[in-house]
Amino acid sequence: MHYRGCGIIAPAVMDEFEQWFERGVTDGLPVVPPTRERVERMLRATRRDRADLLGEMPPNYGRLTVEKAAVNAVMAGCRPEYLPVLLAAAECACDPAFNLHGVATSTHFSAPLILVNGPVRARIGLNASFGVFGPGFRANATVGRALRLLMINIGGVRPGEISMSTFGHPGRYTYCMAEHEEASPWPPYHVGRGLAADCSAVTLFAGDAPHGISDHASRTAESLMGSLGWSMAGLWNSKHFPLYSHTMLVVGPEHARTFADDGWSREDLARRLHERIRVPYHTLLPDRQHGEGTNLRFARQPPEADAMVPKFPSPEEIHIVVAGGTAGRFSVAIPGWLGTRNGSRPVTRPVENAVDLTPASM
């Protein structure tokens with residue numbers, strides 16, 4: 001018997017995996033059939049009532065309940081203990097500040113990136129280290145996939161119908177990572193978002209695909225900052241100054257140690273990137289060799305020709321986390337989707353405390 005809570009009644013004669021493709025409720029990959037037993041087992045991982053409303057999920061504003069999240073978590077292949085992380089991510093996605101409607105329907109590239117902090121990382125086996133954006137870790141793969149399935153099945157996001165991204169990127173299958181707090185010289189990212197270090201948290205960031213940056217030579221914070229910053233100067237477009245979006249800089253542990261050895265904090269790095277990565281306004285105007293130009297030329301009072309224009313609109317719109325393997329002097333830049341006025345702002349939510357799922361407690 002298949003679970004009916006997702007509104008699907010499957011024909012008994014059809015293959016148990018093929019039927020979900022026929023119903024149009026997959027992401028293009030096979031899903032785990034959400035039997036009643038599997039969904040009930042998933043729901044035991046939360047203290048929240050199955051009917052609790054997490055929000056109305058754009059762009060179709062379907063009512064997203066705890067039970068519907070559990071159904072899609074099963075389909076994605078999640079273990080029950082992953083459910084609280086998915087619930088927090090789903091609430092972030094439904095927050096108007098995140099603007100999932102715009103992120104999901106835009107012709108741009110971005111996808112919701114789930115960043116996880118706190119004790120839940122180790123508890124459910126989230127990868128924060130080597131290959132953090134790659135395959136091989138069930139928690140990362142299935143939590144990110146479950147959010148995408150919710151966007152499809154509750155929000156109505158289907159490519160070429162409502163989801164109109166010209167290219168998309170592989171993160172639209174799954175995009176989930178943890179901060180490598182143990183390898184970071186700085187407080188965890190979520191502490192800067194107002195939460196306690198020992199609290200588990202999810203931050204949702206609307207991000208493009210990771211843009212790798214290699215620097216194996218810089219041995220001072222100043223030099224490394226310039227290397228990372230000028231590599232980021234081409235994000236979106238080399239004449240897109242300022243960049244009209246939040247930006248995430250995922251600093252590799254070896255690079256993070258270089259900054260820390262010179263006494264730089266996370267805030268110091270963001271401030272220096274904002275201050276130093278600037279070019280004269282006149283170099284940002286279209287010319288015969290480069291037709292794209294800064295949007296500042298459409299302002300009522302464009303800057304003076306020699307005015308220095310920053311790549312990043314403010315230090316607060318540069319989000320710095322530490323992740324990746326402990327060998328290799330690499331970092332990653334992830335540009336976001338539009339700016340604070342009409343675009344997407346990162347949203348952070350605490351994760352529900354763990355439920356004891358040992359047989360003796362159930």
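Biologist: Is R50 buried, partly exposed or exposed?

Modeller: In this predicted model, the relative accessibility of R50 is 32%. Buried requires under 20% and exposed over 50%. R50 therefore counts as partly exposed.

Biologist: Which residue meets the side chain of R50 in a salt bridge, and where does that residue lie?

Modeller: The N to O distance in this salt bridge is 2.7 Å, and the partner of R50 is E40. The pair links distant parts of the chain, 10 residues apart, with R50 in the loop between α2 (36-43) and β1 (53-57). The partner, at 23% relative accessibility, counts as partly exposed. The residue is E40, and its place is helix α2.

Biologist: What is the N to O distance in the salt bridge between R48 and D52?

Modeller: R48 has a relative accessible area of 27% and is therefore partly exposed. D52 also counts as partly exposed, because its relative accessibility is 28%. A salt bridge requires the nitrogen to lie within 4 Å of the carboxyl oxygen. For the side chains of R48 and D52, the N to O distance is 4.0 Å.

Biologist: How many residues apart in sequence are the parts tied together by E182 and R121?

Modeller: E182 forms a salt bridge with R121, and their closest N and O atoms are 2.7 Å apart. E182 lies in the loop between β4 (176-178) and β5 (201-207), whereas R121 belongs to helix α6 (residues 120-124), so the parts tied together are separated in sequence by 61 residues.

Biologist: Of E182 and R121, which is buried?

Modeller: E182 reaches 61% relative accessibility and therefore counts as exposed. The other partner has a relative accessible area of 9%, which is under the 20% limit for a buried residue. The buried residue is thus R121.

Biologist: How many salt bridges does the structure hold?

Modeller: Some of the charged residues are linked in a network of salt bridges, namely E222, D268, R271, R272, E275 and R276. Another salt bridge joins R50 to E40. For the structure, the number of salt bridges is 17.

Biologist: How many residues of helix α4 are buried?

Modeller: Helix α4 spans residues 83-94 and reaches 17 Å from its first C-alpha to its last, close to the 16 Å expected at 1.5 Å a residue. Its buried residues include L83, P84, V85, E91 and C94. The helix is mostly covered, and the count of buried residues is 12 of 12.

Biologist: Which residues gather in a patch of negative charge on the surface?

Modeller: One member of the patch is E22, whose place is in helix α1 (residues 18-22). At 59% relative accessibility, E22 counts as exposed. The patch is made up of D15, E16, E18 and E22.

Biologist: How far apart in space are R266 and K239, C-alpha to C-alpha?

Modeller: R266 is found in helix α10 (residues 266-276), and it counts as buried because its relative accessibility is 11%. R266 and K239 are 27 residues apart in sequence. Their C-alpha to C-alpha distance in space is 26 Å.

Biologist: What is the C-alpha to C-alpha distance between A217 and V103?

Modeller: A217 is placed in the loop between β6 (211-214) and α8 (221-232). At 63% relative accessibility, A217 counts as exposed. A217 and V103 are 114 residues apart in sequence, and the distance between them in space is 37 Å.

Conventions. Residues numbered from 1 in each chain as written. Predicted model: local features only at pLDDT ≥ 70, side-chain atom pairs only at ≥ 80, totals over all residues. Heavy atoms only, no water. Helix = DSSP H or I, 4+ residues; strand = E, 2+ residues; numbered from the N terminus. Buried < 20%, exposed > 50% of the residue type's maximum accessible area, 1.4 Å probe, protein only. Expected span 1.5 Å × (residues − 1). Patch = residues over 30% accessible without salt bridge, like charges linked within 9 Å, V, L, I, M, F, W, Y side chains within 5 Å. Areas by Shrake-Rupley, 256 points an atom, 1.4 Å probe, with all protein chains shown as cover. Lys, Arg positive; Asp, Glu negative; His and termini not counted. Charge placed at Lys NZ, Arg CZ, Asp CG, Glu CD.
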